[in-house]
Amino acid sequence: MAAATMIVVRFLISASPVERQAQPEQARRPAQGGVVLGQVDIVLPQVLQSPINMFAASASPVVLISLGIFISKKIQFNKNLIHSAFISLYKLILLPIIFIFLLQFLNLSRTDVSISVLEAAMPLAITPFAMAEIYPLDKEIISMAVIISTMLSLFTLIAVSLIIN
């Protein structure tokens, strides 16, 4: 959670899209720091912890609003549809199959395997779009893939749950 919040903070304080794309190393540092700090048991005073928790809780809604604005203004189903469909099918079909086969080699309970496979079969969400804001990725393809994977997941999640049960 801390790493995601730090990435969103980095996105929000950037001056321009060009600046965000020109500094990918600086965008990685807060995420790395968040991972390191997450492993250390530091107890912050409540006066500091409360604003941090409120800010962390606001990160996802901010990215969702950004994604919604981008989709409403720029999305057009064109030549990028093939790329978006490929990304969606990879995420919804191929990734759960890979998980099913790889998790067979681990000594996990049936419940753990089922949860992991279902999680792998979930549609794309806001993280790829947030990463597209930071790194030089095509936001149009990512936003179309989010839409396509969300629509297809109505069917693929049912199929995956039937397969693993």
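## Questions about an all-helix chain

User: Let's start with Ser84: is Ser84 buried or exposed?

Analyst: Keep in mind that we are looking at a predicted model. Ser84 has a relative accessibility of 0%, and the cut-off for counting as buried is under 20%. Because 0% falls under that cut-off, the word for Ser84 is buried.

User: Where along the chain should I look for Ser84?

Analyst: You want a helix that runs over residues 81-103, and that is helix H5. Ser84 is found in H5.

User: Which residues touch Ser84, leaving aside its neighbours within four places in sequence?

Analyst: Helix H8 covers residues 139-164, and H8 is included in what covers the buried residues of H5. With those close neighbours left aside, the contacts of Ser84 are Ile141, Met144, Ala145 and Ile148.

User: Now the whole chain, please: how many helices and how many strands does the protein chain have?

Analyst: Reading along the sequence gives the pattern α-α-α-α-α-α-α-α. The count for the protein chain is 8 helices and 0 strands.

User: What share of the contacts with a separation of 6 or more comes from residues 24 or more positions apart?

Analyst: Ser84 and Ile148 give you one example of a contact between H5 and a later part of the chain. In the protein chain, among contacts with a separation of 6 or more, the share from residues 24 or more positions apart is 80%.

User: What percentage of the residues of the protein chain count as buried?

Analyst: The chain has 165 residues, and its accessible surface comes to about 10600 Å². Carbon and sulfur atoms hold 71% of that surface. As for residues that count as buried, the figure is 31%.

User: How far does helix H5 reach from its first C-alpha to its last?

Analyst: H5 has 23 residues, and at 1.5 Å a residue the expected reach is 33 Å. H5 also bends by about 40° at Tyr90. Its reach is close to the expected one, at 32 Å.

User: By how much is helix H8 kinked, and where is the kink centred?

Analyst: H8 begins with a polar touch: a side-chain oxygen of Asp138 comes within 3.0 Å of the backbone nitrogen of Glu140. Further along H8 there is a kink of about 50°, centred on Ser153.

User: Which residues make up the largest nonpolar core?

Analyst: This core has 6 residues in all. Helix H6 (110-120) and H8 each supply at least two of them. The members are Leu103, Val113, Val117, Ala121, Val160 and Ile164.

User: Why does Ala121 count as buried?

Analyst: Ala121 lies in the loop between H6 and H7. Beyond four places in sequence, Ala121 is in contact with Lys91, Leu92, Pro96, Leu157 and Val160. Buried means under 20%, so Ala121 counts as buried because its relative accessible area is 0%.

User: And Ala125, which lies in the loop between H6 and H7 too: what is its relative accessibility?

Analyst: Helix H7 spans 126-134, and Ala125 lies in the loop between H6 and H7. Ala125 counts as partly exposed, because its relative accessibility is 43%.

User: How far apart in space are Ala125 and Ile147, C-alpha to C-alpha?

Analyst: Ile147 is found in helix H8 and counts as partly exposed, at 22% relative accessibility. Ala125 and Ile147 are 22 residues apart in sequence. In space, C-alpha to C-alpha, their separation is 9.1 Å.

User: How far apart in space are Ile147 and Ala85, C-alpha to C-alpha?

Analyst: Along the sequence, Ile147 and Ala85 are 62 residues apart. Between their C-alpha atoms, the distance in space is 9.8 Å.

Note on methods
Residues numbered from 1 in each chain as written. Predicted model: local features only at pLDDT ≥ 70, side-chain atom pairs only at ≥ 80, totals over all residues. Heavy atoms only, no water. Helix = DSSP H or I, 4+ residues; strand = E, 2+ residues; numbered from the N terminus. Buried < 20%, exposed > 50% of the residue type's maximum accessible area, 1.4 Å probe, protein only. Contact = heavy atoms within 4.5 Å. Areas by Shrake-Rupley, 256 points an atom, 1.4 Å probe, with all protein chains shown as cover. Bend = angle between axes of the 7 residues up to and from the residue. Polar contact = N/O pair within 3.5 Å; in protein donor to acceptor, adjacent residues only side chain to side chain. Core = buried A, V, L, I, M, F, W, Y, C linked by side-chain atoms within 4.5 Å. Expected span 1.5 Å × (residues − 1).
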